[in-house]
Amino acid sequence: MMAAAAASDSAENQSEVKPEGQSSPCGGCPRKQSGGSCPGKQGGGCGGCCKRRAAMMAAAAASDNAENQSEVKPEGQSSPCGGCPRKQSGGGCPGRQGGGCCKKQGGCSGCPGKQGGCCRNQGGSPCANCPGKQGGCCRNQGGSPCANCPGKQGGCCRSQGGSPCANCPNRNFCPSASANAGCPGIDSENRGMASACEGCPNRAFCMSNKIVVDPDLDIIKKKMETIKHKVLILSGKGGVGKSTLSSQLAYTIGRDEDIQIGLCDVDITGPSQPIIMGAENEPVHQSNTGITPVYVQDNLAVMSIGFLLEKQDESVIWRGPKKNGLIKHFLKDVEWGDLDLLLFDTPPGTSDEHLSIVQYLKGCDIDGAILISTPQEISIQDVRKEINFCKKVNMPILGIVENMSGFVCPSCKGESIIFPATNGGVKALCEEINVPFLGAIPLDPRIVNSCDVGEPFVDSYPESPASKRYIEISKKIKEMLNLN
C-alpha cells in the first residue's frame with residue numbers, strides 16, 4: 001500500500017508544471033507552509049497535493065493496521081513498536097529502515113535491529129520462526145552472533161565450563177550473562193535455590209524445566225572411561241609445527257610397545273595426520289559397535305576426517321555445528337578401545353573445535369594441554385591467547401614446546417638461529433607464567449622428508465639433535481602422566 005502511494009505521488013509529480021522562477025516547490029498551493037517547506041515535499045518536488053497525500057498515507061496506515069491484527073504473536077512477547085510491529089509513530093520503530101517498515105525492506109536485510117532488537121513478529125522477517133526470539137538473540141540467523149554458539153541447547157545459551165557463560169562467545173548477547181557472582185550453574189541440582197541465586201534475573205529460568213542436557217555426553221563419558229589420559233596439542237598460530245609435534249610424540253611414546261596410543265585429528269578443514277602417519281587412502285571400517293580407527297602400528301591408532309574423504313584434495317567447507325557434530329562422532333562412535341593416552345591434534349586458535357572438545361569431554365578428566373610455539377614474539381603473543389583460553393576453561397597446561405629453535409645442518413651439524421627470540425622466547429614465557437618448559441626442537445629439513453613419506457623421524461634419523469629433543473620431551477610427558 002505504501003509502495004502504491006509512492007507510485008501515485010511520483011506520477012503526479014511528473015505532471016506538475018511549476019511557475020517559472022518559483023522559489024517554493026509548492027508555488028501557489030493554498031497549503032504552502034512558511035519558509036517554503038511543504039509536508040508533502042518529496043525529493044525536491046511536491047509529492048502531489050498535501051491534502052491528497054495525507055489521505056493516502058492514512059489509508060496505507062489503516063491497511064497496515066488491519067494486517068497487524070491478523071498476525072499471531074508468540075505468547076508473552078510484546079511488540080517492540082507498542083502493539084504494532086510496523087507502527088511508525090514518532091519514528092521510533094527499532095526495525096525502521098529508511099522511513100519504512102522492516103517487513104518491506106527486503107526481509108530485514110541490513111536492518112540495524114536484526115541483531116538484538118529486531119521486529120521478531122514479522123512474517124517476512126528472517127527472525128519470524130527463530131527459537132531464540134524470546135531469549136534475547138536470533139540464534140538461527142547466519143549473521144547473528146549466536147548462530148554458531150556451542151552452548152545452544154533448546155534455544156538457550158547454556159553455561160560453558162564451571163560457571164555460567166564463562167566461555168560462551170555470545171555472552172554479551174545472552175541474558176544469562178547477568179548471572180550473580182557465585183552462581184552454581186544451570187547444570188547444578190542446586191540451580192535457582194542457592195544463596196547466590198537471590199535476586200538473580202535468571203532465577204525463574206533456572207528453576208524451570210527448560211534446561212536441556214545433551215544425552216550424548218553420558219555416552220562419550222562412558223566411552224572415555226577406557227582411556228586413561230587425554231591430552232590436547234594446541235597452538236595459537238598455524239604453521240608452527242603442531243601436527244608434526246603430535247605425530248612425532250605419538251610415534252616416540254609408542255616406541256614402548258606396552259603403551260597403547262591414540263591420535264585423534266580434529267583439524268577438520270586441514271587434516272594432516274593421514275599423510276604424516278603414512279596412512280593416506282586407508283579405509284575405515286564400520287561395525288555394529290562403531291568405527292574402527294586406522295592402526296599404523298600395533299599400539300598406535302589414528303582417526304581423521306582425511307580417512308572419510310573420497311579425494312584427498314577435497315575441501316571441507318563446514319560451519320561450526322557440522323564440525324562439532326563430527327568431533328562428537330569421533331568421541332562417541334570410534335572404537336578406541338583401552339588406551340593409555342589419547343592425543344588430540346587441534347587446529348590453530350581458539351574456535352569451535354576447541355570449545356567442542358572441552359564441552360564434550362567435560363567430566364572425562366582431561367589431563368591438560370601441551371602448547372607449541374616458535375621463538376619469535378609474534379608467535380608468542382598468540383600462545384598467550386591460548387594460555388588465556390586454557391585458564392577460562394579450567395584446563396591445566398602440561399607445558400610448552402619451542403619448535404624451530406635454530407637450524408641444524410645435516411652435514412656439518414652446525415646450528416644457526418633462524419627465528420631469533422627477541423624477548424627470551426618460550427623459555428622466558430614459561431618462567432613468567434610458571435609453566436613447565438618441555439624443550440626446544442631445532443629445525444632439521446629431514447623432518448619434512450619423514451612427514452611426507454609417513455615415517456617416524458626418531459627412527460629414521462636417530463642421530464639428529466631434533467630426534468634427541470623429541471625423545472627428551474616424550475620422556476617428560478610420560479613422567480607427568482605416569483606412563484612408565
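Helices (H or I, at least four residues) and strands (E, at least two) are DSSP runs, numbered from the N terminus. Helix α3 is where you'll find Cys206, and this cysteine counts as buried at 9% relative accessibility (buried means under 20% relative accessible area, with a 1.4 Å probe and protein chains only).

Keep in mind that this is a predicted model, where local features need pLDDT of at least 70, side-chain atom pairs count only at pLDDT 80 or more, and totals for chains, interfaces and linings use all residues. Residues are numbered from 1 along each chain as its sequence is written, and side-chain values use heavy atoms, leaving out hydrogens and water.

Cys206 also turns up in an unreviewed UniProt entry, which lists Cys183, Cys197, Cys200 and Cys206 under "binding site"; such annotations may be inferred rather than shown by experiment. The four are spread over 24 residues of sequence, yet they cluster in space, with a largest C-alpha distance of 10.6 Å. Cys183 sits in the loop between β4 (156-157) and α3 (203-207).

Now for strand β13 (residues 397-408). Eleven of its twelve residues are buried, so the rest of the structure largely encloses this strand. Here are its pairings (two strands pair if DSSP finds at least two bridges between them):

| Partner of β13 | Sense | Bridges | One residue pair |
|---|---|---|---|
| β12 (residues 368-373) | parallel | five | Ser373 and Glu402 |
| β15 (residues 437-443) | parallel | five | Phe407 and Leu443 |
| β14 (residues 415-416) | antiparallel | two | Val408 and Glu415 |

β13 and β14 make a hairpin with six residues between them, and Lys413 in the turn has a positive phi of about 65°.

How values were computed
Buried means under 20% relative accessible area, exposed over 50%, partly exposed in between (1.4 Å probe, protein chains only).
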